[in-house]
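Subject: Structure handover

Hello,

Here is the structure for you to look over. My notes on what turned up follow below it.

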Amino acid sequence: LSIKYGFYMSGFEHSIIYLFLFFIFFIWAKHDVSIKNNSDYWLSALLPIAVYSIITGSRYGWGPDYLWYKSRLENPLKFSEEQLGFKWLNQGINLLGFDYVGGYIIYSFIFITCVFVLIRSYRSISVYMYYFVIPATLIFVTSAIRQGVALSFVVLALYFLNKKKWLGVASCILIGSTIHSSILLTAVFIGA
């Protein structure tokens, strides 16, 4: 399951690929967001989730943290100072046989799946959320990589908060904080 290389994009290629990603989300939201049946919704949502995960996960060298986390994905046992959740995630990615590109795809998959869980909970008014999720989050999750993975669990905590499922909120904050402790500050603002 090794993916050897991500792709380095020129400004033009970057624009084309991300316009394609925006287009997929726009078309999907316009037509498939109204699916009532949960299994049909998630089956349909696999397309934008997969496209997002592959495009953002396969980029190469984008963001100040990229090469640092590339090294951590390639040597998950070497870094003892890692927060436990992030260390286990990277070790699991390595155990599954993925290289750093596969790891970045998994990071992206975790994030966008949590986003879809939250947005789905808003049902009919969610169409505009799908339109804006990429421009609202893309730079953060691709530049602050570990914080982006941890943010996934804050997004999921918001879903549980809206449902008033306190154990879910606490579990997500706990998991996220084992990936990057900075989300505890975010959790304080959510609770306020």
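Helices here are DSSP runs of H or I with at least four residues, strands are E runs of at least two, and both are numbered from the N terminus. Read that way, the chain runs α-α-α-α-α-α-α-α-α along the sequence. That comes to nine helices and zero strands. Please keep in mind that this is a predicted model.

Overall shape

The chain has 192 residues, and for that length a compact globule would have a radius of gyration near 16 Å. The chain has 17 Å, which agrees. Along the principal axes, the C-alpha atoms fill a box of roughly 45 × 40 × 25 Å. Of the 192 residues, 45% count as buried. The accessible surface is about 10200 Å², and carbon and sulfur atoms hold 70% of that. Now the contacts. Take those with a separation of 6 or more: 71% of them are between residues 24 or more positions apart.

Aromatic rings

How many aromatic pairs are there? The count comes to 15. One of them is W28 with Y130. The centres are 4.9 Å apart, the planes meet at 70°, and the pair is edge-to-face. W28 lies in helix α1 (residues 11–32) and Y130 in helix α6 (residues 127–143), so this pair ties together parts that are 102 residues apart in sequence. Are these two residues buried or exposed? W28 is buried, and Y130 is buried too.

Y69 and F86 make another pair. Their ring centres are 5.5 Å apart and their planes stand at 85°. Planes over 60 degrees apart count as edge-to-face, so that is what this pair is. Y69 sits in helix α3 (residues 66–74) and F86 in helix α4 (residues 84–95). The two are 17 residues apart, and the pair links distant parts of the chain. Y69 and F86 are both buried.

There is also an aromatic cluster. Its members are F25, W28, Y41, W42, Y52, F111, F116 and Y130. So the W28–Y130 pair from above belongs to this cluster.

Charges over rings

Two cases to look at here. F86 comes up again: R146 lies over the face of its ring, 5.7 Å from the ring centre. The ring of Y100 has the charged end of K70 over it, at 4.7 Å from the centre.

Cysteines

How many disulfides does the count give? Zero. A disulfide is a covalent bond between the sulfur atoms of two cysteines. The sulfurs must lie within 2.5 Å to be counted as one. For C114, the nearest cysteine sulfur is that of C172, 7.2 Å away, and C114 is in no disulfide. C172 is in no disulfide either, and its nearest cysteine sulfur is that of C114. Buried means under 20% relative accessible area. C114 has 8% relative accessibility, so C114 counts as buried. C172 has 5%, so C172 counts as buried as well.

One more residue: N94

Where is N94? N94 is in helix α4. Its relative accessible area is 35%, so N94 is partly exposed. Leaving out residues up to four places away in sequence, N94 touches L73 and P76. Y52, one of the cluster members, is 42 residues from N94 along the chain. The C-alpha atoms of N94 and Y52 are separated by 22 Å.

Best wishes

Terms used: Residues are numbered from 1 along each chain as its sequence is written. This is a predicted model: local features need pLDDT of at least 70, side-chain atom pairs count only at pLDDT 80 or more; totals for chains, interfaces and linings use all residues. Side-chain values use heavy atoms; hydrogens and water are left out. Rings of Phe, Tyr and Trp (its six-membered ring) pair if their centres lie within 6.5 Å; planes under 30 degrees apart count as stacked, over 60 as edge-to-face and the rest as tilted. Buried means under 20% relative accessible area, exposed over 50%, partly exposed in between (1.4 Å probe, protein chains only). A charge sits over a ring if NZ of Lys or CZ of Arg is within 6 Å of the ring centre and within 35 degrees of the ring normal. The radius of gyration is taken over C-alpha atoms; the globule rule is 2.2 Å times the number of residues to the power 0.38. Contact means heavy atoms within 4.5 Å. Accessible areas come from the Shrake-Rupley method with a 1.4 Å probe; for residues, only the protein chains shown count as cover.
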